[in-house]
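Please open the structure in your viewer and keep the selection panel at hand. The tour below goes from one selection to the next, and at each stop it says what is to be found there.

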Amino acid sequence: MVNDEGMTLAAKAPDERRRRILAAAIAVLRERGFSGTRVADIATTAGTSPALILYHFSSLADVLVAALESVEDDYYAELAEGDQTDARDQLVRMAVLSAEGGPAFGDWQLWLEVWVRGLHDERIDGLRRLSDKRWRDEIQRVVDAGVSEGIFSVDDSVRTTLRVACLMDGLAVQAVLGGAGLTPDDMATEWLTGTAHELGIDANDLLSRVSVAEGPDVA
């Protein structure tokens, strides 16, 4: 198959081939989930052969892990954009990117599958553990910054961070599955409200900042 630039994927530089394979894997994962994704599907979407996929990645599991790592990297890269110097604004940006119309919401279903598959697959469970730690580390960085600035008041930042992270995970499960009447539009609001209580600040202070954080690049 020839791509839109008139070159076969095989003819491209290795880094470009790998990038396009990962992009194809992410697209197939989002459409079909873990159970419905095959190497052949990724190859068709990437415009190459299964053999070339397995040249760059030794197995389907390797492709899927690398694809999910790429999705996560994109989230944190977007999180770092902008000039949110106030810890409260950083929390709001986390909420907006993770829920509502943010780019991460469409990938929560993938992470639900990661959690389930990780119960029986050590490689996937390793990815889950690293992902969870990265998320908690990012939240704790913001919490600690807010405490040092005198904005937040917490007794134990580690346990507070754990509860705040788990709140996001639980809300995501309900929003994806459509449980408890929770919609994606509600997710950021509920997370910020619960987080505000944990941090000893007025929830309205966080919620009033949402429209600023949403901006045209997030919608």
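How are helix 1 and helix 4 oriented to each other, roughly parallel or roughly perpendicular? Before you select them, please keep in mind that this is a predicted model. Now show helix 1 and helix 4 together, and you will find that their axes come within 9 Å and cross at roughly 90°. Angles of 65 to 115 degrees count as roughly perpendicular, and helix 1 and helix 4 are therefore roughly perpendicular to each other. To see what makes the contact, select Arg18, Leu22, Ala25, Ile26, Leu29 and Arg30 in helix 1, and then add Val63, Leu64, Ala66, Ala67, Ser70 and Val71 in helix 4. If you colour the residues of this contact by class, 9 are nonpolar, 1 is polar and 2 are charged.

**The whole chain**

Step back and display the protein chain as a cartoon, in which the secondary structure comes to 11 helices and 0 strands. Of the 219 residues of the protein chain, 48% count as buried. Among the contacts between residues at least 6 apart in sequence, 61% join residues at least 24 apart.

**Helix 4 and helix 7**

Keep helix 4, residues 60–80, on the screen and add helix 7, which covers residues 122–148. The axes of this pair come within 10 Å and cross at roughly 10°, which makes helix 4 roughly parallel to helix 7. On the side of helix 4, the residues to select are Asp62, Val65, Leu68, Glu69, Glu72, Asp73, Tyr75, Tyr76 and Leu79, and they meet Arg123, Ile124, Leu127, Ser131, Arg134, Trp135 and Glu138 in helix 7. The residues of the contact between helix 4 and helix 7 divide into 8 nonpolar, 1 polar and 7 charged.

**The aromatic rings**

Next, show the side chains of Tyr75, Tyr76, Trp135 and Trp191, which ring pairs link into a cluster. A pair of aromatic rings is described by the distance of the centres and the angle of the planes. In the whole model the count comes to 4 aromatic pairs. One of the pairs joins Tyr75 and Tyr76, whose rings are edge-to-face at 5.1 Å centre to centre, with 85° between the planes. Tyr75 and Trp135 form another edge-to-face pair, with 6.3 Å between the centres and 65° between the planes. This second pair links distant parts of the chain, since Tyr75 lies in helix 4 and Trp135 in helix 7, 60 residues apart. Are Tyr75 and Trp135 buried or exposed? Buried means under 20% relative accessible area; Tyr75, at 11% relative accessibility, therefore counts as buried, and Trp135 is buried as well, with a relative accessible area of 9%.

**The nonpolar core**

From Trp135 and Trp191, widen the selection to the largest nonpolar core, which has 62 residues. Those with the most contacts inside this core are Ile42, Met94, Trp135, Ile139, Met187 and Trp191. The largest share of the core, 10 residues, comes from helix 4. Centre the view on Trp191 and, leaving out residues up to four places away in sequence, look for the residues that Trp191 touches, among them Leu91, Met94, Trp135, Ile139 and Met168.

**Helix 6 and its cover**

Now select helix 6, residues 108–117, where the buried residues are Trp108, Leu110, Trp111, Leu112 and Val114. What covers these buried residues includes helix 1, helix 4, helix 5, helix 7, helix 8 and helix 9.

**A buried loop residue and an exposed helix residue**

Move on to Phe152, which is found in the loop between helix 7 and helix 8. At 5% relative accessibility, Phe152 counts as buried. Apart from neighbours within four places in sequence, Phe152 is in contact with residues including Ala87, Leu91, Val143, Val147, Leu199 and Ile201. The C-alpha atoms of Phe152 and Gly200 are separated by 6.0 Å, although these residues are 48 residues apart along the chain.

For the last stop, select His197, which is found in helix 9. At 61% relative accessibility, His197 counts as exposed. If you draw a line from the C-alpha atom of His197 to that of Val164, 33 residues apart along the chain, the separation is 9.9 Å.

Technical notes: Residues numbered from 1 in each chain as written. Predicted model: local features only at pLDDT ≥ 70, side-chain atom pairs only at ≥ 80, totals over all residues. Heavy atoms only, no water. Axes fitted to C-alpha atoms, helices over the stretch in contact; angles between N-to-C directions. Helix = DSSP H or I, 4+ residues; strand = E, 2+ residues; numbered from the N terminus. Parallel < 35°, antiparallel > 145°, perpendicular 65-115°, else oblique. Contact = heavy atoms within 4.5 Å. Nonpolar A, V, L, I, M, F, W, Y, C, P; charged D, E, K, R; others polar. Phe/Tyr/Trp six-rings, centres within 6.5 Å; stacked < 30°, edge-to-face > 60°. Buried < 20%, exposed > 50% of the residue type's maximum accessible area, 1.4 Å probe, protein only. Core = buried A, V, L, I, M, F, W, Y, C linked by side-chain atoms within 4.5 Å.
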